[in-house]
Amino acid sequence: MELAADDYIRLVEDLAQAQGAAVTPFPVPDEVSRQDIAEIRSAVALISGEVTHITTDSFEGTFIIPDPEPFLGPMIYGEAMALAMIASYSRHIAGSEIHLGSAQYYLPAVRLNNL
């Protein structure tokens, strides 16, 4: 994707900000896709403390619940429940996985498939 000079400068500045926050050096890509630009801008927004809405079709993780009793009913019957957590977060930028630190997640309708 061809970028105008001002857009390219902003892209490099955004990459520098993402690298600094992630403490992960990665090269400026030779080719930049619209997806790469969206990922870079989203990473910078997150680093800046902005609330960013991210959608996904699935999420996989291991949850350790000290007192699982209140959750057993919804888990057994496959009911949706809300889930809030803090976990590490990374983005794929120009072929590199960049760890951005911890993020707060809120998932309004979660169903557990494997118990």
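These exercises work through a predicted model of one protein chain.

**Exercise 1. Confidence**

Find where confidence in the protein chain is lowest and where it is highest.

*Solution.* Start with the whole chain. Its mean pLDDT is 78, and 91% of its residues reach 70 or more. Then go element by element. Helix 3 (residues 69–77) has the lowest confidence, with a mean of 74. Helix 1 (residues 5–22) has the highest, at 84.

**Exercise 2. Elements and overall form**

State the order of helices and strands along the sequence, then decide whether the chain is a compact globule or more spread out.

*Solution.* Count the elements first. There are three helices and two strands. Along the sequence they follow the pattern α-α-α-β-β. Now turn to the radius of gyration. For the protein chain it is 18 Å. The globule rule gives 13 Å for 115 residues. The value for the chain is well over that, so the chain is more spread out than a compact globule. Next, take the extents. The C-alpha trace spans about 55 × 25 × 20 Å along its principal axes. Burial and surface complete the picture. Of the 115 residues, 25% are buried. The accessible surface comes to about 8500 Å², and 53% of it belongs to carbon and sulfur atoms. Finally, take the contacts with a separation of 6 or more. Residues 24 or more positions apart account for 55% of them.

**Exercise 3. The hairpin**

Describe how strand 1 and strand 2 are joined.

*Solution.* The two strands run antiparallel, and twelve bridges join them. Trace some pairs. A84 has Y106 in strand 2 as its bridge partner. A87 is paired with A103 in strand 2. Then look at the connection. The strands form a hairpin, with two residues between them. A94, in the turn, has a positive phi of about 50°.

**Exercise 4. The nonpolar core**

Identify the elements that supply at least two residues each to the largest nonpolar core, and the one that gives the largest share.

*Solution.* This core has 16 residues. L11, L15, I93, I98 and L100 touch the most other members. Helix 1, helix 2 (34–47), strand 1 (81–93) and strand 2 each supply at least two residues. Strand 2 gives the largest share, four residues. Such grouping has a general background: in soluble globular proteins, nonpolar side chains tend to be buried together. Take L100 as a case. Leaving out residues up to four places away in sequence, L100 touches A22, A43, L46, I47, Y89, S90 and R91.

**Exercise 5. Two residues compared**

Classify G101 and D36 as buried, partly exposed or exposed, and list their contacts beyond four places in sequence.

*Solution.* Begin with G101. G101 lies in strand 2 (residues 96–110). Its relative accessibility is 35%, so G101 counts as partly exposed. Beyond its neighbours within four places in sequence, G101 is in contact with A87, S88 and Y89. A C-alpha distance adds a further link: G101 and A22 are 79 residues apart along the chain, yet their C-alpha atoms are separated by 7.2 Å.

Now D36. D36 lies in helix 2. Buried means under 20% relative accessible area. D36 has 14% relative accessibility, so D36 counts as buried. With neighbours within four places left aside, D36 is in contact with E31, I93 and A94. A94 is the turn residue with the positive phi from Exercise 3.

Technical notes:
Residues numbered from 1 in each chain as written. Predicted model: local features only at pLDDT ≥ 70, side-chain atom pairs only at ≥ 80, totals over all residues. Heavy atoms only, no water. Buried < 20%, exposed > 50% of the residue type's maximum accessible area, 1.4 Å probe, protein only. Contact = heavy atoms within 4.5 Å. pLDDT = per-residue confidence, 0-100. Core = buried A, V, L, I, M, F, W, Y, C linked by side-chain atoms within 4.5 Å. Rg over C-alpha atoms; globule rule 2.2 N^0.38 Å. Areas by Shrake-Rupley, 256 points an atom, 1.4 Å probe, with all protein chains shown as cover. Pairing = 2+ DSSP bridges.
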